[in-house]
Amino acid sequence: MMKVIKNIGCLAQCKPDGTQADIHLLHKAAIVWQDDKIYWVGPQSQIPEGLAFDEELDADNKLVLPGLIDCHTHLAFGGWRQDEFEERLRGKSYLEIAERGGGIQATVQATRNASKAELSNKCRGFLEQMGRLGVTTVECKSGYGLSTEQELKLLEIYRELGQTQPLTIVPTFLGAHIVPQEYKKNRRLYIDLLINEMLPAVCERNLARFCDIFIEDTAFSTEEAREILNVAVKLGLKIKVHADQFGDNSGSLLAADLHAVSADHLEFISDGGISCLAQNSVVGVILPIASLYTRQKAVDARRLIDKKLKLAVATDFNPGSAPSFDLYLALMLACNLCGLTPAEAVKGATIYAAEALDLSDRLGSLEPGKLADFIIIDSADVNHWLYHFRPDTCLLAVKNGKIIYQRQE
Ligand SMILES: [Zn+2]
């Protein structure tokens, strides 16, 4: 099946080369695809002759982007934590709430109490709404089960969702999110459980592509993280790290040292940390919705880009510090809070997000040979899109060559 989309007013190819700002714009463009893969991209006047199309779409002179990639979410969780939202607004800090047993620990309890069907339906609803925003790929972390059985439950939900709804799901094991309540007095036992039982069980069942860890005063130390991540690497997982969110904890240095695929958060990253990540080709993932909700300082993105660090932008969707799955909102905030330009932000939710998931061989840019995974946005260009923030800007989404969403007029 050969198909074409014509009359694209502005096409951002978002190829991997160039700087954060290079999104490779084409005007009056077209994309030709065969089955699930892109066959040709270029100016409409140069469509190769002799092609017969089974279907033609008209972009109505609008903006076309690669399908958006949310490369950092905690999608499966029980309950919500709206009361903590009020507490924080009354002056309590995220860490204070965590120390009294709220925060992640509260969600662990609610998640353990929820059935697989309940959690799965909740995730399915989120994914459907993310699809309407133009998101076509979502990284999903476990981390609210924190026992072998409960972590497998969450990762099995992600596997099933990957097979039964249209968005690409990338599963990440985050058993090292925090030390659960029952191990608080003997954290060594929990680390042993992670190393000797949970990680092998996850890998045996092939349930995760990445192992992530939360390095923080209330979670894991850098030394503990090194031990756990070394085991994950030996078992064949790639590495991600929650680093330097509430203070410089050398998480970025560890991520660079272990050749992690990404280091995420980075609000308090040191100059040395930035250089080390850049030198080791670790993608930095910034999460401005979390900065907004924790009312902490946001990442100064220019400081990172100036040192040639590639930045992805994601939601960090979770029931505590980032209760929104709106990647469009995250991109707008990446501009207004972190100082990215719209083009730089777009590169962060396309090719650099694909690199943060080790999927850039097939996703994240619009080039021949890659998957036909793209969206039409109701704007003339990326500046207009991220400046005029409004609902329902995605008009149509194509995934693996097929329309998966179309806005109703
Ligand atoms: Zn996170």
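The exercises below concern salt bridges and a zinc site in a predicted model.

**Exercise 1.** Determine whether the partners of the salt bridge between glutamate 84 and arginine 81 are buried or exposed.

Solution.
- Start with the contact: the closest N and O atoms of glutamate 84 and arginine 81 are 2.9 Å apart. The cut-off for a salt bridge is 4 Å, so the pair qualifies.
- Next, take the accessibility. Buried means under 20% relative accessible area.
- Glutamate 84 has 7% relative accessibility and is therefore buried.
- Arginine 81 has 7% relative accessibility and is likewise buried.

**Exercise 2.** Locate the two residues of the salt bridge between arginine 100 and glutamate 87, and classify their accessibility.

Solution.
- The side chains of arginine 100 and glutamate 87 meet at 2.5 Å, N to O.
- Arginine 100 sits in the loop between α2 (94–99) and α3 (104–113), while glutamate 87 belongs to helix α1 (residues 82–89); the two are 13 residues apart.
- Partly exposed covers the range between under 20% and over 50%.
- Arginine 100, at 47%, counts as partly exposed.
- Glutamate 87, at 21%, also counts as partly exposed.

**Exercise 3.** State which helices are tied together by the salt bridge between glutamate 160 and arginine 124.

Solution.
- The closest N and O atoms of glutamate 160 and arginine 124 are 3.8 Å apart.
- Glutamate 160 lies in helix α5 (residues 148–164) and arginine 124 in helix α4 (residues 116–132), so the salt bridge joins parts that are 36 residues apart in sequence.
- Relative accessibility is 35% for glutamate 160, which is partly exposed, and 27% for arginine 124, which is partly exposed too.
- Elsewhere, salt bridges with shared partners connect Lys62, Asp378, Arg407 and Glu409 in one network.
- For the whole structure, the search gives 29 salt bridges.

**Exercise 4.** Identify the protein donors of the zinc ion and classify their arrangement.

Solution.
- The donors are His72 (NE2), His74 (NE2), His242 (NE2) and Asp316 (OD), at 2.1 to 2.3 Å from the zinc ion.
- Their spacing in sequence follows the pattern H-x1-H-x167-H-x73-D.
- Both histidine 72 and histidine 74 are buried.
- The angles subtended by the 4 donor atoms run from 83 to 165°. A tetrahedral site needs all angles between 85 and 135 degrees, so this range does not fit.
- The arrangement is therefore classed as irregular.

Conventions:
Residues numbered from 1 in each chain as written. Predicted model: local features only at pLDDT ≥ 70, side-chain atom pairs only at ≥ 80, totals over all residues. Heavy atoms only, no water. Buried < 20%, exposed > 50% of the residue type's maximum accessible area, 1.4 Å probe, protein only. Helix = DSSP H or I, 4+ residues; strand = E, 2+ residues; numbered from the N terminus. Donors = N, O, S within 2.8 Å, 3.2 Å for Na, K, Ca; no water. Tetrahedral: all angles 85-135°; square planar, octahedral: opposite > 155°, others 65-115°.
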